[in-house]
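Thank you all for making the time this morning. I would like to walk you through one model, beginning with the overall picture and then turning to a few local details.

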Amino acid sequence: MLDVLSGFAIVIIVMGLGFFVGRQRLLGPNAVYTLNMYVFWIALPMLLIDFLSSAELNQLFGTNFLVVALSTLGAGSLGYFSYRLLTRQSASDGLIAMLASSYCNATHLGIPLMVHLVGDPTATLPVVMFQVGFYGPLSVLLLDMSSGERASRGIVRELMLSILRNPLIIGAVSGIVFALAQEKKGWVLPELIAEPVHMIASSTVAVALVAFGMSMADVKVLQKDKSPIGAVFFASLIKTIVHPALAWILGALVFGASGDLLLAMILIAALPTGQNVFTYAQRFDVNTVLARDTVVISTALALPTMAVISLLLG
């Protein structure tokens, strides 16, 4: 129990340091963007290569991927239909509520947390692949169709190119290729390459958590007469309570998972709403306040939820 609590305390301390740095403007006005771009384009791909190059590939997908897909679709469907029923808003608004209820912050927060809590960033790979390769693009297509904007005729092509250019996909595929080369041919990365990769990968957790804490420093949420407060909390509770509950039902009762695998499935489902949801909402100018506020509120709810899950199952 003390190990679990100390693990979360360390995460909160590092994020708190980032919050302090952000409030004091110690790194300048554009530091959050710069640090996030370093994490996204450089550190996270190196981290995936570092771990995947020596990973057992048969453990990455299979049951884990099915639980990710089914629990995400279940939580998203609940968010969509509940929001449409209770608010009578448009399908586009409902799609943002769907994403707010189910789209995980699997990269900037998920990978660092999995490294620190379970020692394995590849645990997040199924959700990264599902969201980047299927769930995100499908949601954008549905938003495009329901918004009535037909100017973006090349949106399918843009989506496919964005997937191929995604540094996480590139890092994951590269790591898998290196792992296959080691498994089949006994070939390993030369130390001259492996050591810089490992060095950069080691910076991921600290930089990502500091940047995330800094990003929270100037956020104002739940503003009266501007924020749909009820919908924000409803989506946040689906994301941080219902989503992991669905993962537990599917993982433990349907697929018979247990131990570290089951814990990883549930922790991943309990991750807060990803910042991409706000990006999609801005792109189509739909329900942006709900998207922004749910990212913040679900983050505040996710850490204690994940601590309880770790105490119960860890």
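Before I point at any loop, let me say what I mean by the elements on either side of it: helices are DSSP runs of H or I with at least four residues, strands are runs of E with at least two, and both are numbered from the N terminus. With that in place, please keep in mind throughout that this is a predicted model. The protein chain averages a pLDDT of 86, and 92% of the residues score at least 70. Among the elements, helix α11, residues 229-254, has the highest mean pLDDT at 96, whereas helix α7, residues 155-165, has the lowest at 70.

As for the fold, the protein chain holds 14 helices and zero strands. A compact globule of 314 residues would have a radius of gyration near 20 Å, and the protein chain, at 19 Å, agrees with that. Taken along the principal axes, the C-alpha atoms fill a box of roughly 60 × 45 × 40 Å. Buried residues make up 49% of the 314 residues, and the chain exposes about 15,000 Å², of which carbon and sulfur atoms supply 66%. If we take the contacts between residues at least 6 apart in sequence, 82% of them join residues at least 24 apart.

Let me now return to the loops. The loop between α1, residues 2-24, and α2, residues 31-52, contains Arg25, which has a positive phi of about 55 degrees although it is not a glycine. That deserves a remark, in that most residues other than glycine have a negative phi. Is Arg25 buried or exposed? Its relative accessible area is 51%, and the cut-off for exposed is over 50%, so Arg25 counts as exposed.

A second case is Asn287, in the loop between α13, residues 276-284, and α14, residues 288-313. Its phi is near 50 degrees, again a positive value in a residue other than glycine. Here, however, the relative accessibility is 15%, and Asn287 therefore counts as buried.

Two of the helices can be checked for their span. For α4, 12 residues at 1.5 Å a residue should span 16 Å, and the end C-alpha atoms are indeed 16 Å apart, so the two values agree. This helix is mostly covered, with 11 of its 12 residues buried, among them Asp93, Leu95, Ile96, Met98 and Leu99. Helix α8, residues 167-185, has 19 residues that should span 27 Å, and with its end C-alpha atoms 26 Å apart it agrees as well. The buried residues in α8 include Pro167, Leu168, Ile169, Gly171 and Ala172, and just after this helix Gly186 takes a positive phi of about 75 degrees.

I will add one residue from helix α10, residues 204-215, namely Ser215. With a relative accessible area of 18%, Ser215 is buried, and, leaving aside residues up to four places away in sequence, it touches Val32 and Gln275.

Finally, the aromatic side chains, of which the structure holds eight pairs. One of these is formed by Tyr80 and Phe81, an edge-to-face pair with 5.1 Å centre to centre and 85 degrees between the planes. The two partners fall into opposite classes of accessibility, since Tyr80 is buried at 17%, while Phe81 counts as exposed at 56%.

How are the rings of Tyr103 and Tyr135 arranged? Their centres are 6.2 Å apart and their planes lie at 15 degrees, and because planes under 30 degrees apart count as stacked, this pair is stacked. It links distant parts of the chain, with Tyr103 in the loop between α4 and α5, residues 106-118, and Tyr135 in helix α6, residues 125-147, the two being 32 residues apart. Both Tyr103 and Tyr135 are buried. They also belong to a cluster, in which ring pairs link Phe65, Tyr103, Phe130, Phe134, Tyr135 and Tyr280.

That is where I would like to stop, and I am happy to go back to any of these places on the screen.

Methods. Residues numbered from 1 in each chain as written. Predicted model: local features only at pLDDT ≥ 70, side-chain atom pairs only at ≥ 80, totals over all residues. Heavy atoms only, no water. pLDDT = per-residue confidence, 0-100. Phe/Tyr/Trp six-rings, centres within 6.5 Å; stacked < 30°, edge-to-face > 60°. Buried < 20%, exposed > 50% of the residue type's maximum accessible area, 1.4 Å probe, protein only. Expected span 1.5 Å × (residues − 1). Contact = heavy atoms within 4.5 Å. Rg over C-alpha atoms; globule rule 2.2 N^0.38 Å. Areas by Shrake-Rupley, 256 points an atom, 1.4 Å probe, with all protein chains shown as cover.
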